[in-house]
Amino acid sequence: MSSSDSCSHGRRDARPALPSTNDARAAQPRVEATHAARPRAGATRAALARRLCASAVLLGAMTAARGALADARTEARLHFRAGMELIAQKQFEEGIRQLQKANEILPHPNVVFNIARAHAEAGNIEQAIAAYREYLASDPPDREQVTRIVAQLEQRLAAQRAAAAPEPRPPAAPAPQQPGPQQPGPQQPAAGDTPAQPTAGQTAAGGAAAPGGAQGPGGAEGPAARPAPGPGAAPVDAAGLVGAARTEDVYRETVITASRGAQSPLDSPNSTTIVTRQDIRLSGMTRIPELLRRVAGMDVMQITGGDENVSMRGFNSRLANKLLVLVDGRTVKNDVLGSTFWEALSIDVDQIERIEVVRGPGSALYGADAFAGIVNIITIPPGAGKSGFRVGYGDHQQGYGSAWASAREGDFAYRLSAGYTRYPRWTREVAGDRIDLETSGQSQDLGAQNVRIDLRASQRLGPRRELDVGAGYARSELDIYGIGPFNDYNLEVANADVAVAYRSEHVNARAYYANLDGYSLLNAAYLGHTLYAGRPRQHVANAELEFVKTLRAPASVVHDFHIGLGYRLKATDWSYLHDDMPIEHHGSVFLQDSMRLGERVTLVASGRLDYVPYLERLIPSPRGSVIVKPTDRQAIRLSGSTAFRSPTALEAYVDLPIQLALPGLELLSTTRPPVRSGFIIDPEQIITAEASYLNQQSDYFEFEVTAYYNRVSDLIVLAEPQRTTLSQRAQGVGGLNPETGRYTSGLGGFENQCDVYHVVGGELGGRVYPVEGLDVFANYALNLSQQQRPDGCDALEDRRTSQHKVNAGVQVRTPVGVDGEVTFHYQSSQAWAEQVPAGTVIATSIYPLPAYTLLNARLGYRFLDGRAEISATVFNALDGIADQPLQMHPFGNRIGRRFMGFFRYSL
């Protein structure tokens, strides 16, 4: 529910995952030493408060002083509508001015086309040709047709100029041989007469008459009244020469993830939120999870400088695995752990066009792991936008660099980007003088470091047909938190992918290969204890085929029909897993029919079947939605669906001896011990019902209200460790482990949690655009969870989801180039059930986490006609003012304040 970047160029429509032709284009950790002392003095607090206040006053004053210059997409839409209405009324001058204003705010090729057409219709041939050439510079799909239009207009302009040029007088008649009165001959003009002109009602080019049929002296049209370039010239038969105007709302906000096809959020079968290019730029954030924090109902948890975990509507966790994350429709989760390494992607925020968030389960179209919701990161298309770079540096050796080149040549376009990111740890866990610890060798000051390169290209194959290819590579060092007793964990990982996609009117296909190769171990361990060194690797090959068709059956019902097949191969290897880890072959089929019953009612029926090799069975995921639109810009939505999350490789095939605190003892964490051979972990299940109301009736505000109920069962959790018994010892379980030299005293692993969660919640959010250049957004999320424990179930109460979350922000953009954003986030208290080593066992305890408040801000200045920009950001500006340090997980780092400055330049 927000806007697009006012400085972005090129097409504004996003690319779908598989587009159809109607798509728009533990205990508190050790803290030996911190990076920097946190200011606590009252004077420091007051000074910081004064600076924040002064910045807010400055931004507000600039906006008020300049008067006007809301949300960029809304501003552009208002000017576009006004311009098209004026042109329809033949008020060309003012209509063209309104369209030009819309294009200044948010450039779009179709607006330029309409400007050109309006000039042609008004008779401004020279201006029309210039505007058409500007449109052609965007290399549109209809460039051949528009090139012919330009050629015809150039011929007409040449004819007009030729007709307007003064004609030479014929030579004077020879003097008569005989004196006498002179009479004009048949071929002689009378003295003082002008050459013959076209009659009234004709133009020099033989077209329509000039308005009013202006004539020169003596009833014939004089030179001063002839058609000429500019206002007052003969109009062009626009309908016959240049076709119909592009009257569709080119600034209409669209989403593609919820239905695999471009549609308005008003028509989406799920509640959706868009983080737009404007939100990304004005926030100044370089971490994608921090961009998602503004979304209603989103759970964002930063544990270390390199570890962020994201979920939706609850059940966040270390190594979060309940949110499906896509980049241009391609999954980027790691199948070893089921989580997303956000700081190991081959793209950065400067390559993102928008982020679409589907709030609620999406297995009906995307299968396993779209359990709580979907995040689809849509990158800027090849050939769109300008080339450029951005660099940034901040305190504690923060670093950011990104460079990109984008171009189009005929039907071929590409976008190449490269970058580097470095984030420090929030707190240093091991002091330099510790001699009782062995460390991993990774810098104790490093949270995350990423070197990346990404290339995407497209080739048009004809009308509505396109081939996309691409590849990306990133090498990263991450400080993350594992699960159970694995805290403060180091991971070096290389990610690579190769992708190809074909798009046409009715058939879409995609295939990609992804490889992960890493090295993992604990950051530190006492001497004599293991660091659990391992090398996780995975190979994933994925293929999808989709058929799309729009039809009527019966004539009064319009069906948007999608059917697709999918195949996924997974090969995983890690020293933490069983040696006989199989290669898995997953298969799927999905079907969706969106039935539009008239102008106000749409029924959406979706369903998918997934074959999961580990489970050796098919899992269905149905979804049904009813969308009623009281008006064109209001929607009431009722939906129900189911979703699932299949066990990850670690959960299904773990086989790892874990050293206990008492030397010489270990616990065998395994899913398949001999004492329970044939044991299978069931997939996590969610059944959801949702009702929502979205209002975009006004051009100055919009809001959405959503209520939902979730029934969550079979959550996959770490099992309570069990001591080995004499009978188990007789079966070969327990005793001395010859590989490790330690005694196995207990068994652990993963299991399905026995209790059922009933979750009732809601989200209320809106955005206001009171004046041009000022956006105010806010949302509130409520989450109430109740555990139902069957007889014999003794699971601890887990309240890791905040009951209340509030997000709010103000964005300011001024004509003088100064812009900025201030965002506020509040999250109520939590309580986490976590396993920690305790002597000879690993025990589960409850760890409380207090509520916290987070304030971030950015201030920037654009110059050199918007090509250059300097900006500064502050993250957690309230650090040192709040009563206690900010923590987002009981075991996580204490989050401090960070400053960073940037310079950006577009070529």
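**From a helical stretch to a strand-built surface**

In this predicted model, the buried residues of helix 3 pack against helix 2 (72-88), helix 4 (109-122) and helix 5 (125-137). The residues in question are F92, G95, I96, Q98, L99, A102, N103 and I105. Look at how they are spaced and a bit of textbook geometry comes to mind: an α-helix has 3.6 residues a turn, so residues three or four places apart point the same way. The length of helix 3 works out too: with 14 residues (92-105) at 1.5 Å a residue, the expected span is 20 Å, and the end C-alpha atoms are 20 Å apart, so the two agree.

Now jump along the chain to the strands. V507, L545, F547, I563, L565, V589, L591, L609, Y611 and L618 make a nonpolar surface patch of about 790 Å². Two or more of the patch residues come from each of strand 19 (537-552), strand 20 (557-573), strand 21 (584-597) and strand 22 (601-612). Take I563 as an example: this patch member sits in strand 20 and has 35% relative accessibility, so I563 counts as partly exposed.

For a contrasting polar residue, try N542, which is placed in strand 19. Is N542 buried or exposed? Its relative accessibility is 10%, and because the cut-off for buried is under 20%, N542 counts as buried. The side chain of N542 makes a polar contact of 3.2 Å with that of E544, and another of 3.3 Å with the side chain of R568. Setting aside neighbours within four places in sequence, N542 is in contact with R510, A511, Y512, Y567 and R568.

Methods
Residues numbered from 1 in each chain as written. Predicted model: local features only at pLDDT ≥ 70, side-chain atom pairs only at ≥ 80, totals over all residues. Heavy atoms only, no water. Patch = residues over 30% accessible without salt bridge, like charges linked within 9 Å, V, L, I, M, F, W, Y side chains within 5 Å. Areas by Shrake-Rupley, 256 points an atom, 1.4 Å probe, with all protein chains shown as cover. Salt bridge = Lys/Arg side-chain N within 4 Å of Asp/Glu carboxyl O. Helix = DSSP H or I, 4+ residues; strand = E, 2+ residues; numbered from the N terminus. Buried < 20%, exposed > 50% of the residue type's maximum accessible area, 1.4 Å probe, protein only. Polar contact = N/O pair within 3.5 Å; in protein donor to acceptor, adjacent residues only side chain to side chain. Contact = heavy atoms within 4.5 Å. Expected span 1.5 Å × (residues − 1).
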